[in-house]
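Subject: A structure for you to look at

Hi,

Here is the structure I promised to pass on to you. Please open it next to this email and follow along as you read.

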Amino acid sequence: MRIIRFYIVLIALLSACKGGSDNQQVSDSNEEEIDVQQLPQRSSINARASEILKDWTAFQEMETSFDALYRVANNEDLILVVEDMILKQNELESSEYPEEFDTPQVKSRQKVFKTFLLKLKAAVEYRNDVIPPAQEMIEAYNAFREQFNVTVNNTLDLKEILDDN
């Protein structure tokens, strides 16, 4: 009778262990898809700002890297895109800004963009929902881009205003 109980317990344990490993394999191989249709579109840059930005190669590389964000299909793709965007953002930060855009307003918006980019990286690495941080990051990038428009459309000369002649 003891031997029968032993075999019943042994069979129950083996079948329970086997069921657990199958579930783990299914969850590991299941890649989470990302719906990029939920992401906001980039804001446009006016012609005057585009003319200045076309010679800024670090910014053009960042734009190309940013375009890849809208082509990701799953978390693995997103990890690669975010890593590339961080690399391009660091290059952009250390590059020489065009004279018109070498202002604290532009640089501060770039730092905000970098913050939200790193927040997106953390969400991807910890396998959290990536859509809200991606939306925030795109909004910060749009603010960065829109600052170019504001800068070239600004006709107010601060030097004249601040002069006490």
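Below is what I found in it, starting with how far to trust it.

**Confidence**

Please keep in mind that this is a predicted model. The mean pLDDT of the protein chain is 86, and 89% of its residues reach 70 or more. Among the elements of the chain, α5 has the highest mean pLDDT, at 96, while helix α1 (residues 2–29) has the lowest, at 62. Over residues 20–30 the pLDDT stays under 50, and the model has zero contacts for this stretch beyond four places in sequence.

**Two packed helices**

Two packed helices are described by the angle between their axes and the distance between the axes. Here, helix α3 (residues 57–67) packs with helix α6 (residues 131–153) at an angle of about 150°, and their axes are 13 Å apart. The crossing of α3 past α6 is left-handed. If you would like to find the contact on your screen, look on the α3 side for Phe-59, Met-62, Glu-63 and Phe-66. On the α6 side, they meet Met-137, Ile-138, Tyr-141, Phe-144, Arg-145 and Phe-148. Sorted by class, this contact has eight nonpolar residues, two charged ones and no polar ones.

**Around Ser-65**

Ser-65 also belongs to helix α3. Is Ser-65 buried or exposed? Its relative accessibility is 4%, and buried means under 20%, so Ser-65 counts as buried. Leaving out residues up to four places away in sequence, Ser-65 touches Val-81, Asp-84, Met-85 and Lys-88.

Two of these partners are worth a closer look. The side chain of Ser-65 reaches the backbone nitrogen of Met-85 at 3.4 Å. The side chains of Ser-65 and Asp-84 are joined by a polar contact of 2.9 Å. Asp-84 lies in helix α4 (residues 75–94) and is partly exposed, with a relative accessible area of 30%. You can also compare Asp-84 with Ala-68: they are 16 residues apart in sequence, and their C-alpha atoms are 9.5 Å apart in space.

**One backbone angle to check**

Finally, have a look at Arg-127, in the loop between α5 (104–125) and α6. Its phi is near 55°, a positive value in a residue other than glycine. Arg-127 counts as partly exposed, at 48% relative accessibility.

Have fun exploring, and write back with any questions!

Best wishes

Definitions and conventions: Residues numbered from 1 in each chain as written. Predicted model: local features only at pLDDT ≥ 70, side-chain atom pairs only at ≥ 80, totals over all residues. Heavy atoms only, no water. Axes fitted to C-alpha atoms, helices over the stretch in contact; angles between N-to-C directions. Helix = DSSP H or I, 4+ residues; strand = E, 2+ residues; numbered from the N terminus. Left-handed = near helix turned anticlockwise from the far one by under 90°. Contact = heavy atoms within 4.5 Å. Nonpolar A, V, L, I, M, F, W, Y, C, P; charged D, E, K, R; others polar. Buried < 20%, exposed > 50% of the residue type's maximum accessible area, 1.4 Å probe, protein only. Polar contact = N/O pair within 3.5 Å; in protein donor to acceptor, adjacent residues only side chain to side chain. pLDDT = per-residue confidence, 0-100.
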